[in-house]
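Here is a short briefing on one protein model. Start with the overall fold, then move to selected residues.

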Amino acid sequence: MNNVILIGMPGVGKSTLGVLLAKTLGFGFVDTDLLIQAQEGQLLRDLIGNLGSQGFLDLEESLCATLALSQTVVATGGSVVYGPKAMAHLKALGTVVYLKLDYEPLAQRLGNLQLRGVVLQPGQTLQALYQERVPLYQQYADITVDCGGKDIEASLAQVLAALEANHV
């Protein structure tokens with residue numbers, strides 16, 4: 001296994017599970033949202049405000065399309081699936097794991113989306129965003145893991161089992 005790429009909605013646990021997965025596998029860990037913030041010297045919400053949604057998506061795609069990693073777990077931003085070049089590159093780098101969570105429990109986990117730095121179109125609701133992104137996550141996923149009703153340890157065990165079952 002070279003790299004594991006985690007995709008999914010904001011709040012599903014990509015960063016938290018990613019750190020635990022990296023420790024378990026003896027891999028490095030990268031959070032692309034944190035890379036973007038470090039590179040640009042701004043918080044995601046400020047970048048989205050300053051660049052606009054499309055400008056931020058272009059920045060995210062550019063960064064993710066040029067990552068050079070080995071034996072790393074990558075927690076991506078939830079909007080990375082809007083960038084076909086980024087997703088093609090990430091799929092070439094490793095196994096893409098979609099961390100799935102149904103809408104209701106996801107909505108309960110999330111607070112203020114703007115404070116989290118979530119790319120939303122004007123007037124777009126969380127439910128509309130969810131319905132827009134889920135088909136993209138499904139399209140790009142090599143493996144889908146349903147995190148519903150599970151704590152982080154159970155989700156980690158399920159990801160590890162799925163990777164092993166897929167000979168990753």
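The protein holds eight helices and five strands. Along the sequence they follow the pattern β-α-β-α-α-β-α-β-α-α-α-β-α. The model is predicted.

**Overall shape and packing**
- The radius of gyration is 15 Å, which agrees with the value near 15 Å for a compact globule of 168 residues.
- The C-alpha trace spans about 40 × 35 × 25 Å along its principal axes.
- Of the 168 residues, 47% are buried.
- Take the contacts with a separation of 6 or more: 73% of them join residues 24 or more positions apart.

**Surface and charge**
- About 7,700 Å² of the protein is exposed, and carbon and sulfur atoms supply 51% of that area.
- The protein has 10 positive and 15 negative charges.
- The mean positions of these two sets of charges are 2 Å apart.

**Helix H2 and its ends**
- Helix H2 covers residues 32-40.
- At the start of H2, a side-chain oxygen of Asp31 comes to within 2.9 Å of the backbone nitrogen of Asp33.
- Just after H2 comes Gly41, with a positive phi of about 70 degrees.

**Thr32**
- Thr32 is part of helix H2.
- Its relative accessibility is 0%, so Thr32 counts as buried; the cut-off is under 20%.
- A polar atom of the Thr32 side chain lies 3.1 Å from the backbone nitrogen of Gly77.
- Gly77 is also one of the residues in contact with Thr32 when neighbours within four places in sequence are left aside.
- The others on that list are Leu63, Cys64, Leu67, Val74, Ala75 and Thr76.

**Leu59**
- Leu59 sits in helix H3, which runs over residues 44-64.
- Is Leu59 buried or exposed? Leu59 counts as buried, because its relative accessibility is 15% and the cut-off for buried is under 20%.
- Beyond its neighbours within four places in sequence, Leu59 is in contact with Ile36, Gln39, Glu40, Leu47 and Leu51.
- Among these partners, Ile36, Gln39 and Glu40 fall within the residue range 32-40 of H2.
- Leu47 and Leu51 fall within the residue range 44-64 of H3, the helix that holds Leu59 itself.
- Leu59 and Tyr130 are 71 residues apart along the chain, and their C-alpha atoms are separated by 22 Å.

Definitions and conventions
Residues are numbered from 1 along each chain as its sequence is written. This is a predicted model: local features need pLDDT of at least 70, side-chain atom pairs count only at pLDDT 80 or more; totals for chains, interfaces and linings use all residues. Side-chain values use heavy atoms; hydrogens and water are left out. Helices (H or I, at least four residues) and strands (E, at least two) are DSSP runs, numbered from the N terminus. Buried means under 20% relative accessible area, exposed over 50%, partly exposed in between (1.4 Å probe, protein chains only). A polar contact is a pair of N or O atoms within 3.5 Å; within protein, one must be able to donate a hydrogen and the other to accept it, and residues adjacent in sequence count only if both atoms are side-chain atoms. Contact means heavy atoms within 4.5 Å. The radius of gyration is taken over C-alpha atoms; the globule rule is 2.2 Å times the number of residues to the power 0.38. Accessible areas come from the Shrake-Rupley method with a 1.4 Å probe; for residues, only the protein chains shown count as cover. Lys and Arg count as positive and Asp and Glu as negative; His and the chain ends are not counted. The place of a charge is taken as NZ of Lys, CZ of Arg, CG of Asp or CD of Glu.
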